[in-house]
Amino acid sequence: MLRPIVMVSVVSSFAFATPGGGQVLASQSDWPRGVQPLLERFDSTASSATTLDAAGRAALFTDDATFLNAFGNRVDGRPALDSTWARLYGGNQFRQAKIERLDRRVRVLAPDLVLVDHLERLTGQGANNRANAPRMTHITLLLRQVRPADWRIVYYRAGDNRNLEQERQQRVTQDALENDWANLAKYREENAKLGPPGPNENRVVFYGNSITEVWAKNFPTMFPGKPYIGRGISGQTTPQMLVRFNQDVVALKPKVVVILAGTNDIAGNTGPSTIEMIENNLRSMAEIAKANGIRVVMSSVLPVYDYPWRPGLEPAPKIMALNAWMKDYAAKTGATYLDYHSAMQDERHGMRAGLASDEVHPTEAGYRVMAPLAEKAIAQALRR
């Protein structure tokens, strides 16, 4: 598994730099998806305190973080980082600090690797209430996409604590992959609070990846009054879903499970997968459901012409082959086949314009196409 790559260099001097707009060495259109929102976090010039407390530093830096100083010397470990930041940004050096961005250069080294050089000027008052000479900071960031649409970045910006929550979430995600590969923790508490279905409740679990996870937030408006439960996890593949199937589906005792999975396998999110491997995992989920008296709706994989986070895989024919297998398997086993693909594809067998934000993940318009198809399939499954 890829680890976060961290490279931070800090240059400190007492000379002014010529202010200027950020110079970008790659056009925004060339940046991989997801980089621009991260870079926009650097644009603020708000004044704030110039130091992080001990808890803040502990949250921001892991013990194995790497610091590269102005001369390229390597210092490992959070204690060394704490010492460096205390020396450069100690509370007695700056008060009422103002942080001003002077320049930024962005270089795309590879589709999943971006180098950012960032120049800031810090000004403020010292302990004697006299204005300190401006201090220049040069921070070099190496951003790497570890998982699709999930960029890893650990960085320090003097006086800005707003990024700590983002970094905490990234560490939680990384920890989950290493210690809870199927992310059983995500819905464990919600499942415990849910309770058994009522006597006449036709509970339905929508089970899948990010497409299902995002959709579930709109269930109250798209399926008003329906006991529909979302159990999707962004980025997941069928082997991960198979591991958590008992906890997140069977234990909830639904009448029907609507399974939408396979596209992340084709994208290679957890490593290369053959169509046969995906079929085996889908078959296993369907058999577990059937053994527990749960009716199965097997949803077609949505059309994709190309994955923006992993281009060049030519997924369209693979998706169509997997869907053909699902349709045949459902007919042979008494499951219900739900065909989203035919209603949403264009002439390339990719997503129709306007139905997805990135040709993969549905917009509200896309979900509006999917909703009545899902309702029809659920009704059909309940009659079986």
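How many helices and strands are there in the protein chain? There are 14 helices and eleven strands, where helices (H or I, at least four residues) and strands (E, at least two) are DSSP runs numbered from the N terminus. The structure is a predicted model, in which local features need pLDDT of at least 70 and side-chain atom pairs count only at pLDDT 80 or more, while totals for chains, interfaces and linings use all residues. Residues are numbered from 1 along each chain as its sequence is written, and side-chain values use heavy atoms, with hydrogens and water left out.

Of the 384 residues in the protein chain, 47% count as buried; buried means under 20% relative accessible area (1.4 Å probe, protein chains only). The chain exposes about 18,000 Å², an area obtained by the Shrake-Rupley method with a 1.4 Å probe. Carbon and sulfur atoms supply 52% of that exposed area. Among contacts with a separation of 6 or more, 72% are between residues 24 or more positions apart, a contact being heavy atoms within 4.5 Å.

Strand β7 offers a place to look in detail. This strand spans residues 204-208, and five of its five residues are buried. Both of its faces are covered: V204, F206 and G208 lie on one side, V205 and Y207 on the other.

Strand β7 also has pairing partners, two strands being paired if DSSP finds at least two bridges between them. With strand β8 (residues 228-232), β7 pairs in the parallel sense over five bridges, and Y207 has R231 as its bridge partner there. Strand β9 (residues 256-260) likewise pairs with β7 in the parallel sense, over five bridges; in β9, V257 stands opposite V205.

Technical notes
Buried < 20%, exposed > 50% of the residue type's maximum accessible area, 1.4 Å probe, protein only.
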